[in-house]
Amino acid sequence: MTTEDLVLVTDRGPVRVLTMNRPAARNALSRELIRALYAALTQADADDDVRAVVLTGADPAFCAGVDLKEAQRDGLAYFEEFRSQSCIAATADMRTPIIGAVNGATFTGGLEMALGCDFLVASERAVFADTHARVGILPGGGMTARLPQVVGLAMARRLSMTGEVVDAKRAERIGLVTEVVTHDRLLDRAVELAAQIAEVPGPIMLGLKEIYTTGAAAVIDPALGAEERIAFAQHRDYEGLGDQFRAVSERNKRQIDR
């Protein structure tokens, strides 16, 4: 698969649809996908003809987060990829409105990336989990900064500490997603909402996003700083990082083989 194939780009009028396309790997964030998606997001944000973006994944998943095989192989070098070309940070940094169309499993870094969107619409098949702790790493992409903003502090702590899986209906109930639709309706509904956003004059929408971002920054920015300082220090100093991911991969394989 070429780099161009890793992110499919489709324009529907002023709405750009970006689809992560590693379905066999549940759209896990390989280093190549990190770079390709970062490029696609920043290019969309710089294009004046793009008035709204929809981000989704090729079925059956939205994004499984960390690519365990590459993290096992590359260790800290894998996580360093997020410092310069972070597709996770890019969703939250966009000036252009971005909707997450969550079509399936959305875990760890995939959930952090989704939380950077302005809001989420989910398929009935969507499931969500923060499995950072269970994988053996700390969140470094905004989980502890943004998850409490949408589900409340206590629920955010519960989800991060337990790693429990949240289905689409419960996600809507706790405010993680704004709407749940049938799977075959998901992309059309997300594009429909994005088209409504695109009807708003550009300067007004730009100002609206800036107001929301500025208002949330007082809470989010300190948490992001703490994540970067603590999480990357752990990854840098933890000599057993590769062994940790090897153990997780083997555990997952055993569960699949049952």
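Reader: Why is Arg170 called buried?

Author: Arg170 has a relative accessible area of 16%. Buried means under 20% relative accessible area, exposed means over 50%, and partly exposed lies in between (1.4 Å probe, protein chains only). So Arg170 falls under the cut-off and counts as buried. A word on the source: this is a predicted model, where local features need pLDDT of at least 70 and side-chain atom pairs count only at pLDDT 80 or more, while totals for chains, interfaces and linings use all residues. Residues are numbered from 1 along each chain as its sequence is written, and side-chain values use heavy atoms, with hydrogens and water left out.

Reader: How do you know that Glu164 forms a salt bridge with Arg170?

Author: A salt bridge is a side-chain nitrogen of Lys or Arg within 4 Å of a carboxyl oxygen of Asp or Glu. The closest N and O atoms of Glu164 and Arg170 are 2.9 Å apart, so the pair qualifies. Glu164 also forms a salt bridge with Arg158, at 2.7 Å. Arg158 is partly exposed, at 44% relative accessibility.

Reader: What makes Glu80 and Arg83 a salt bridge, and where do they sit?

Author: Their N to O distance is 3.3 Å, which is within 4 Å, so the name fits. Both belong to helix H4 (residues 76-84), 3 residues apart, and are therefore separated by about one helical turn. A helix here is a DSSP run (H or I) of at least four residues, numbered from the N terminus. Glu80 is partly exposed at 35%, and so is Arg83 at 45%.

Reader: How do you know that Glu112 has no salt bridge?

Author: The nearest side chain of opposite charge, Arg146, is 7.2 Å away. Lys and Arg count as positive and Asp and Glu as negative, while His and the chain ends are not counted. A salt bridge needs 4 Å or less, so Arg146 does not qualify. Glu112, in helix H6 (residues 108-115), is buried.

Reader: What does the side chain of Glu112 reach instead?

Author: The side chain of Glu112 reaches the backbone nitrogen of Met143 at 3.1 Å. A polar atom of this side chain also lies 2.9 Å from the backbone nitrogen of Gly141.

Reader: Why is Cys87 not in a disulfide with Cys63?

Author: A disulfide is a pair of cysteine sulfur atoms within 2.5 Å. The sulfur of Cys87 is 7.1 Å from the closest cysteine sulfur, in Cys63, so the two are too far apart for a bond. By this rule the count is 0 disulfides. Cys87 is buried, at 0%.

Note on methods:
Helix = DSSP H or I, 4+ residues; strand = E, 2+ residues; numbered from the N terminus. Polar contact = N/O pair within 3.5 Å; in protein donor to acceptor, adjacent residues only side chain to side chain.
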